[in-house]
Amino acid sequence: MRIDLVTLVVADYDPAIAFFTEVLGFELAEDKPSLTNDGRPKRWVVVRPPGGGTGLLLARADGERQEAAVGDQTAGRVGFFLQVDDFEATYRRMREANVEFVRPPRTEPYGRVAVFRDLAGNPWDLLGPA
């Protein structure tokens, strides 16, 4: 058993795809036309870290309630955790891509960590080995 996908509500597909693939280095696993429950067009967009693992289903906000969740998926808490092998290189690359870091890197018993925001403002932990 495994968790295959987690939904991330986004304002629009293409900027989200660009952020996750070009800035974070994810792979675009799927981008297919689909339909909402009431028959309107949408896309099925999945990005995954290189080599697989749990993917993100990038779901364009549909309606006021979902639009309000963009950037606040977890009510301001860090809700996403990006584990990398080379923390310093990834941190440097993300800074060069103008990713907003809200807390500088620090060392914790579980490894190196810095908090950043995705393109919508959701807080993430960038995690690496100690």
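Reader: What residue follows α1, and what is the sign of its phi?
Author: In this predicted model, the residue that comes after helix α1 is a glycine, Gly 25. Its phi lies near 85°, so that the sign asked for at Gly 25 is positive.

Reader: Which residues of α1 are buried?
Author: A residue counts as buried when its relative accessible area is under 20%. In α1, which spans residues 13–23, the residues that meet this criterion are Tyr 13, Ala 16, Ile 17, Phe 19, Phe 20 and Val 23.

Reader: How is the protein chain divided into domains, and how far apart do the C-alpha centres of domain 1 and domain 2 lie?
Author: The domain assignment gives domain 1 as residues 1–70 and domain 2 as residues 71–129. Between the C-alpha centres of domain 1 and domain 2 the distance is 19 Å.

Reader: How many residues does each domain bring to the contact, and what area do domain 1 and domain 2 bury between them?
Author: Domain 1 contributes 15 residues to the contact and domain 2 contributes 16. The size of an interface is often given as the accessible area lost when the parts come together. Of the area that domain 1 and domain 2 bury between them, 72% is on carbon and sulfur atoms, and the value itself is about 1,200 Å².

Reader: Which residues of domain 1 lose the most area to domain 2?
Author: Three residues together account for 39% of what the domain 1 side buries. Two of them, Phe 19 and Val 23, are also among the buried residues of α1. The full set that loses the most area is Phe 19, Val 23 and Leu 24.

Reader: How many salt bridges, and how many residue pairs in polar contact, does the rule find across the interface of domain 1 and domain 2?
Author: For salt bridges across the interface of domain 1 and domain 2, the rule finds 0. For polar contacts across that interface, counted where both residues have pLDDT 80 or more, the number of residue pairs is 6.

Reader: Which element supplies the largest share of the side of domain 1 that touches domain 2?
Author: On that side of domain 1, at least two residues each come from β1 (5–10), α1 (13–23) and α2 (64–69). The residues of the side divide into 14 nonpolar, 1 polar and no charged. The largest share, amounting to 5 residues, is supplied by α1.

Reader: Is Ala 75, in the loop between α2 and β5, buried or exposed?
Author: Ala 75, which lies in the loop between α2 and β5 (80–83), has a phi near 55°, a positive value in a residue other than glycine. Most residues other than glycine have a negative phi. Because the relative accessible area of Ala 75 is 64%, and the cut-off is over 50%, Ala 75 is exposed.

Reader: Is Asn 98 buried or exposed?
Author: Asn 98 belongs to the loop between α3 (87–96) and β6 (101–108), and its phi, near 65°, is a positive value in a residue other than glycine. Since its relative accessible area is 71%, Asn 98 is exposed.

Reader: Where is Arg 112, and with which side chain does its side chain make a polar contact?
Author: Arg 112 is placed in strand β7, residues 111–117, and because its relative accessible area is 19% it is buried. Leaving aside residues up to four places away in sequence, Arg 112 touches residues including Phe 87, Pro 105 and Leu 126. The polar contact of its side chain, at 2.9 Å, is with the side chain of Glu 88.

Terms used:
Residues numbered from 1 in each chain as written. Predicted model: local features only at pLDDT ≥ 70, side-chain atom pairs only at ≥ 80, totals over all residues. Heavy atoms only, no water. Helix = DSSP H or I, 4+ residues; strand = E, 2+ residues; numbered from the N terminus. Buried < 20%, exposed > 50% of the residue type's maximum accessible area, 1.4 Å probe, protein only. Polar contact = N/O pair within 3.5 Å; in protein donor to acceptor, adjacent residues only side chain to side chain. Contact = heavy atoms within 4.5 Å. Domains from an automatic or database assignment. Buried area = accessible area lost by both parts, 1.4 Å probe. Salt bridge = Lys/Arg side-chain N within 4 Å of Asp/Glu carboxyl O. Nonpolar A, V, L, I, M, F, W, Y, C, P; charged D, E, K, R; others polar.
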